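User: Please take a close look at one loop and the strands on either side of it, and set that part against the rest of the chain. I would like the cut-offs stated along the way.

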Amino acid sequence: MYRKIAVSLLICLGILMAGCGEAKVNNTTLSISSKGGVTQNIIEPFSAEDGSLDELKSMVLSEIAGFAGEGKEAISLKKIEQQEANVHLLMTYPSVESFSAFENGKVDSSDLATCFYGTVEQAFQDGLVGNVTLYEDGDQTKSFINTDTLKTRGDSHVFIFDNALNNSLPITISLPHKIAYATEGIKVDGKNAYIEKEAGTLIMIVTK
């Protein structure tokens, strides 16, 4: 149990904070604020056989203390509590970059999984965009844009995510702006996108 959380902070359920209210969703939740900060809600099955909450808390705090990347001091475990048969962890990060570095740092691999949020122009400059086709609302029956069209939307924001960072589990991404186009198959609802993709598959979401 501990190893699974340490490697990938696996999430079976999440809580999505939206506006002034709170809406529950049945999967991983990763929320990016307008200032670029990241909130990660984690709920996993947890019982006495897995150990104690204190042991789990110590392990997570050790992971944070051992992180040597930028923004280390701002990575925080905000909450850890038992919820019936589950444990709920709330993690916050100062930026998408720190979240990506923290998660990648727990995997012994030179092949780092991508996690990027910024302008389309910056994504092209960083070489993160190849040949892509993105659909309105992620719906293949609606209008689409390709790589050349995407280049003309340089000021728009784009989220690029390798779900290997979430161990290929379903995840809901909450962005600060409404979503315009997304990789085929992503379910879009305003500023939120539901993703269910295998590891190694890059997800791309462009906001309005």
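Analyst: What follows begins with the loop and then widens to other side chains and to the totals. This is a predicted model, in which local features need pLDDT of at least 70 and side-chain atom pairs count only at pLDDT 80 or more, while totals for chains, interfaces and linings use all residues. Residues are numbered from 1 along each chain as its sequence is written, and side-chain values use heavy atoms, with hydrogens and water left out.

Asp 137 lies in the loop between strand S8 (133-136) and strand S9 (144-146), where strands (E, at least two residues) and helices (H or I, at least four) are DSSP runs numbered from the N terminus. The phi angle of Asp 137 is near 60°, a positive value in a residue other than glycine. The side chain of Asp 137 meets that of Lys 142 in a salt bridge, at 2.9 Å from N to O; the term requires a side-chain nitrogen of Lys or Arg within 4 Å of a carboxyl oxygen of Asp or Glu. By this rule the count comes to one salt bridge. Asp 137 counts as partly exposed because its relative accessibility is 26%, and Lys 142, at 36%, is likewise partly exposed; buried means under 20% relative accessible area, exposed over 50%, and partly exposed in between (1.4 Å probe, protein chains only).

Aromatic rings of Phe, Tyr and Trp (its six-membered ring) pair if their centres lie within 6.5 Å, with planes under 30 degrees apart counted as stacked, over 60 as edge-to-face and the rest as tilted. By this rule there are five aromatic pairs. One of them joins Tyr 135 and Phe 144, tilted, with 6.1 Å centre to centre and 55° between the planes. Tyr 135 is buried at 12% relative accessible area, whereas Phe 144 is exposed at 52%. The pair of Phe 159 and Phe 161 is stacked, because the ring centres are 5.6 Å apart and the planes stand at 20°; Phe 159 and Phe 161 are both buried.

Elsewhere, Phe 67, Tyr 93, Phe 99 and Phe 102 form one aromatic cluster. The side chain of Tyr 93 also makes a polar contact of 2.7 Å with the side chain of Gln 40, a residue in strand S4 (residues 38-45) that counts as buried at 3% relative accessibility.

As for the totals, the protein has five helices and 15 strands, and 46% of its 208 residues count as buried.

Conventions: A polar contact is a pair of N or O atoms within 3.5 Å; within protein, one must be able to donate a hydrogen and the other to accept it, and residues adjacent in sequence count only if both atoms are side-chain atoms.
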